[in-house]
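The exercises below ask the reader to work through strands, pairings, single residues and a pocket, each with a solution in steps. Please keep the structure in view while reading.

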Amino acid sequence: RSRDDGAGAAGWRVSYRSRRPDGGGGEPEEEVFDAVVVCNGHFTEPRVAAIAGVHCWPGKQMHSHSYRVPDPFRGQVVMVIGYQPSGMDISRDIAGVAKEVHVAMRSEPPYQMHTTTATGHANLWLHSCTIERAEEDGSLVFQDGSKIKADVVLHCTGYVTTDCQIMSEMIDGWFMLIALTNWWLACRYKYNFPFLGDSDDELAGAISVDDNRVGPLYKHVFPPMLAPHVSFIGLPFRTIPFLVFQLQSKWVAGVLSGRLELPSQEAMMRDVDAFYSDMEARGCAKRRTHDLGQGNPFEYEDWVAEQCGLGRMEGWRKGMFVATCKNLADRPDSYRDE
């Protein structure tokens with residue numbers, strides 16, 4: 001909740017409850033702070049695929065967010081929805097113990113991964129179509145009419161863009177990076193900030209979440225109406241997450257310490273409006289507002305680094321990322337060990 005000390009200094013009254021080791025909650029406490037930095041990111045509240053009839057389907061459902069080890073799937077038929085990083089890793093992990101693993105995706109994966117043999121597991125099949133409905137006998141029906149009787153549906157939900165076609169044209173260069181980052185998308189989660197208060201509060205009134213667009217935010221961090229005393233770290237996806245989070249943290253720290261300055265509220269709002277208008281002109285959905293895979297590689301990272309007085313990302317670091325993406329495409333089962 002916002003407060004004013006009477007001298008024109010804005011601050012935030014934060015109510016919280018400590019969690020005990022036994023899982024219970026302590027007594028509510030309240031403190032006043034000059035600034036609030038929201039860092040809960042977007043890997044908390046999962047999204048799951050909408051499947052008609054799933055409420056009558058007798059199997060078990062779970063999201064990759066809850067996945068830990070493959071043992072519970074031993075001898076079972078598992079349907080994995082989505083073939084992004086977690087879908088790729090989990091499907092291969094489960095294939096070592098499951099009877100069958102089927103992966104449903106919206107379109108064919110790029111490069112050599114379009115074949116079943118490319119998975120490296122005889123009991124792992126990739127299906128280039130989505131699930132249309134679930135039936136009471138345990139069947140999952142694909143859009144092409146084929147069926148699989150499964151024991152478990154594991155949601156690694158995301159989407160695949162057509163930009164992956166570039167990969168075959170320039171596999172060793174930056175276009176390969178763009179193609180890969182436009183295909184491998186982390187499991188979709190919901191941005192959710194229930195702790196920001198009621199809609200009547202100043203904080204909640206200045207920030208909204210509309211189709212996973214958190215805004216308005218200047219450069220995915222500062223709400224113009226409340227900057228610099230409220231900021232968000234960790235919203236972007238399809239990027240090198242911890243690098244971006246570190247740069248954002250340095251930017252926020254510099255601004256709060258007074259070492260760095262932000263543009264005026266009006267200038268920040270103009271920038272946000274221009275960004276939204278550009279997205280609309282390009283036909284980008286609101287849910288991709290914080291998707292850094294749409295522009296030039298590392299453009300955002302370099303911009304934030306320059307705001308902090310740091311140099312642009314080193315060429316060797318960018319090259320390492322590109323090489324790792326290529327290794328992932330070539331050898332998904334072993335690239336981590338190289």
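Two strands are taken to pair if DSSP finds at least two bridges between them. The model is predicted, and every value below is computed from it.

**Exercise 1.** Determine how strands S10 and S11 are joined, and describe the turn that links them.

*Solution.* Begin with the ranges: S10 covers residues 131–134 and S11 covers residues 139–142, and the two strands run antiparallel, joined by three bridges. One of the contacts can be named, since Ile-131 has Phe-142 in S11 as its bridge partner. Turning next to the connection, one finds that S10 and S11 form a hairpin with four residues between them. Within that turn, Gly-138 has a positive phi of about 95°.

**Exercise 2.** Extend the hairpin to its sheet, and state which strands stand at the edges.

*Solution.* The sheet is open and consists of three strands in the order S10-S11-S12, with antiparallel pairing. The edge strands are S10 and S12 (147–149), each of which pairs on one side only. From one strand to the next, the twist averages 25°. The pairing of S11 with S12 is again described by three bridges in the antiparallel sense, and here Leu-140 has Ile-148 in S12 as its bridge partner.

**Exercise 3.** Work out the strand order of the five-stranded sheet, and explain why S6 and S9 each have a side without a neighbour in the sheet.

*Solution.* The order in this open sheet is S6-S13-S7-S8-S9, and the pairing is parallel. S6 (60–63) and S9 stand at the edges with a single partner strand each, so one side of each has no neighbour in the sheet. Neighbouring strands are turned against each other by 20° on average, with direction ignored. At the S6 end, four bridges join S6 to S13 (residues 152–155) in a parallel run, and the bridge partner of Met-62 in S13 is Leu-154.

**Exercise 4.** Decide whether Arg-106 and Val-244 are buried or exposed, and place each of them in the fold.

*Solution.* The cut-offs needed are under 20% relative accessible area for buried and over 50% for exposed. Arg-106, in the loop between S8 (100–104) and S9 (124–127), has a relative accessible area of 57% and is therefore exposed. Its C-alpha atom is separated by 9.2 Å from that of Ile-81, although the two residues are 25 apart along the chain. Val-244, by contrast, belongs to helix H4 (residues 241–257) and, because its relative accessibility is 2%, counts as buried. Val-244 and Val-304 are 60 residues apart in sequence, while their C-alpha atoms are 8.5 Å apart in space.

**Exercise 5.** Describe the second largest pocket by its volume and by the residues that line it.

*Solution.* The space in the second largest pocket comes to about 500 Å³. Its lining has 23 residues, and those nearest the centre are His-220, Phe-275, Leu-292, Glu-299 and Tyr-300. The elements that give two or more residues to this lining are helix H5 (265–281) and helix H6 (299–307), and H5 provides the largest share, with five residues. Sorted by class, the lining comprises ten nonpolar, six polar and seven charged residues.

Methods
Residues are numbered from 1 along each chain as its sequence is written. This is a predicted model: local features need pLDDT of at least 70, side-chain atom pairs count only at pLDDT 80 or more; totals for chains, interfaces and linings use all residues. Side-chain values use heavy atoms; hydrogens and water are left out. On a 1 Å grid over the protein atoms alone, a cavity is a set of points where a 1.4 Å probe fits but cannot get out, and a pocket is an open set with protein on both sides within 12 Å along at least five of seven lines; lining residues have an atom within 4 Å of a point. Grid points are joined across faces, edges and corners, and a volume is the space filled by probe spheres set on the points. Ala, Val, Leu, Ile, Met, Phe, Trp, Tyr, Cys and Pro count as nonpolar, Asp, Glu, Lys and Arg as charged, and the others, Gly among them, as polar. Axes are lines fitted to C-alpha atoms, for helices over the stretch in contact, and angles run from 0 to 180 degrees between N-to-C directions. Buried means under 20% relative accessible area, exposed over 50%, partly exposed in between (1.4 Å probe, protein chains only).
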